[in-house]
Amino acid sequence: MIELRCPTEADTRVSARKLAATLRPGDVIVLSGSLGAGKTLFVSGLATGLGIEETVVSPSFVLVRQYESGFLPLVHVDVYRLGSLNEFDDLDVFELASEGVLVIEWGDAIESTLPDEYLKIEFAVDDDEVRTLTVVGTGSWEDRDLEGLL
Amino acid sequence: MKFLAIETATPGASVALVEDATTLAAASRIDRLGHATFLVPAIDFCFHQVGWSPSDLEAVVVDVGPGLYTGIRVGLATAQGLAAAFGIPVVPAVSVDALALEARTGHRTIWTVVDVRRGEFAIARYRPVPGGVVRDSSTELVKPEVLRAQIEARPGQSLVVGDVAQLPEGLLSGLHRAKMAKPRYPYAVALAEVGRGRYERDLYPAPDDVRPLYLREPDVTINWAKIRQEGPWGSG
């Protein structure tokens with residue numbers, strides 16, 4: 001487990017860009033934390049790091065957005081508006097993202113349907129608006145070097 | 001009897017126009033995604049080749065799974081659209097049955113394997129009979145080790161068909177009484193055969209009542225109130 005302290009939006013973006021450099025096809029990243037904690041901003045930084053040219057827009061209303069212009073395809077999902085696990089399954093996002101990177105906002109809500117291996121990033125905001133990102137990997141993520149993110 | 005068979009439950013998508021037991025035209029494509037772009041042009045191609053129009057159809061047979069969620073929905077939505085437009089029935093057939101029908105064996109127990117992703121496989125067991133196969137088990141979703149254990153526990157010789165290549169490497173090695181064989185994916189022509197049997201015995205519901213067979217876990221409502229109150233992962 002590592003903790004990333006991000007006092008500014010730029011810091012959040014830099015952390016995301018560093019993570020992007022380590023990603024491989026099939027990676028699943030799960031983001032959790034309250035509204036406005038910086039999850040979509042993080043995905044935007046991730047997209048920049050993957051060489052994606054399009055602007056990342058929150059997928060809250062369309063549920064899923066796909067970006068194809070980078071080194072790896074990026075599939076960005078937000079489950080905040082879903083009511084049940086079957087609704088999540090119906091999106092079939094693991095299939096959609098099997099050759100790229102899948103990022104799931106509010107993924108803690110659908111934890112039981114997640115694969116064995118994923119990177120979990122929890123966003124916390126303190127009273128001074130400083131974000132702390134807690135990064136925990138499961139499965140093969142435990143063997144991957146995340147120290148570079150610090 | 002004239003009908004269309006739609007098979008999109010696995011990476012091997014295919015369609016066929018069949019009259020009684022004769023396949024008049026078929027088209028197929030192996031592609032993990034993209035069933036939606038293949039399906040309607042392929043159906044159109046088959047109609048052109050045969051000289052039929054959709055109004056000639058008496059029924060549409062469709063693979064309702066188990067298999068790939070998106071593929072199944074693409075196939076079922078297309079079948080239901082045709083049914084609504086032309087007032088014909090939708091006959092559901094299952095992927096594992098279509099696989100078993102094409103397994104070539106006279107005496108071996110047949111196991112069919114369909115990859116449903118996330119480390120799980122839909123499996124079913126059959127025995128060959130003159131002119132076809134008989135299913136001896138329900139269709140279930142299992143982890144690969146369970147499939148191996150079931151084959152191992154079964155006396156006599158076995159034939160494993162379906163997407164065996166997606167099983168973990170070496171999973172079935174050392175099972176001397178078991179043999180791997182084609183087909184890898186269910187084919188619309190075999191699906192049509194399964195569907196024809198069901199159609200002739202009136203074994204199909206109203207078109208709108210045909211549902212995908214995902215075999216997934218029972219639905220669970222997301223408890224948002226709890227998540228928002230307790231914070232991420234129930235930690236806060």
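The radius of gyration used here is taken over C-alpha atoms, and the globule rule is 2.2 Å times the number of residues to the power 0.38. The model is predicted.

**Exercise 1. Overall dimensions**

Task: Determine whether the radius of gyration of chain A agrees or disagrees with that of a compact globule.

Solution.
- Step 1: For 150 residues, the rule gives a radius near 15 Å.
- Step 2: Chain A has 14 Å, which agrees with a compact globule.
- Step 3: Along the principal axes, the C-alpha atoms of chain A occupy a box of roughly 40 × 30 × 30 Å.
- Step 4: Buried residues make up 40% of the 150 in chain A. A residue counts as buried if 20 or more other C-beta atoms lie within 10 Å of its own.
- Step 5: Of the contacts in chain A between residues at least 6 apart in sequence, 62% link residues at least 24 apart.

**Exercise 2. The sheet**

Task: List the elements of chain A in sequence, then state which strands stand at the edges of the sheet.

Solution.
- Step 1: Chain A contains 4 helices and 7 strands, and from the N terminus they follow one another as β-α-β-α-β-β-α-α-β-β-β.
- Step 2: In space, the 7 strands form an open sheet with mixed pairing, in the order β1-β7-β6-β2-β5-β4-β3.
- Step 3: β1 (2-6) and β3 (64-67) of chain A each have a single partner strand, so each stands at an edge with one side left without a neighbour in the sheet.
- Step 4: On average, neighbouring strands are turned by 20° against each other, direction ignored.
- Step 5: Within the sheet, β2 (residues 28-32) and β5 (residues 101-105) of chain A run parallel and are joined by 4 bridges. A:Val30 faces A:Ile104 of β5(A).

**Exercise 3. Helices on the sheet**

Task: State which strands α1 and α2 of chain A lie across, and at what angles they run.

Solution.
- Step 1: α1 (residues 9-20) of chain A lies across β1 and β7 (131-137), at about 145° to β1(A).
- Step 2: α2 (residues 39-49) of chain A lies across β2, β3, β4 (74-78), β5 and β6 (119-125), at about 170° to β5(A).

**Exercise 4. The contact with chain B**

Task: Describe the side of chain A that touches chain B, by element and by residue class.

Solution.
- Step 1: The contact involves 17 residues of chain A and 15 residues of chain B.
- Step 2: On the chain A side, α3 (85-91) and α4 (93-96) each contribute at least two residues. The largest share, 4 residues, belongs to α3(A).
- Step 3: By class, this side of chain A has 6 nonpolar, 5 polar and 6 charged residues.

Technical notes: Residues numbered from 1 in each chain as written. Chains lettered and ligands numbered in written order. Predicted model: local features only at pLDDT ≥ 70, side-chain atom pairs only at ≥ 80, totals over all residues. Buried ≥ 20, exposed ≤ 12 C-beta atoms within 10 Å, placed from the backbone. Contact = placed C-beta atoms within 7 Å. Nonpolar A, V, L, I, M, F, W, Y, C, P; charged D, E, K, R; others polar. Pairing = 2+ DSSP bridges. Axes fitted to C-alpha atoms, helices over the stretch in contact; angles between N-to-C directions.
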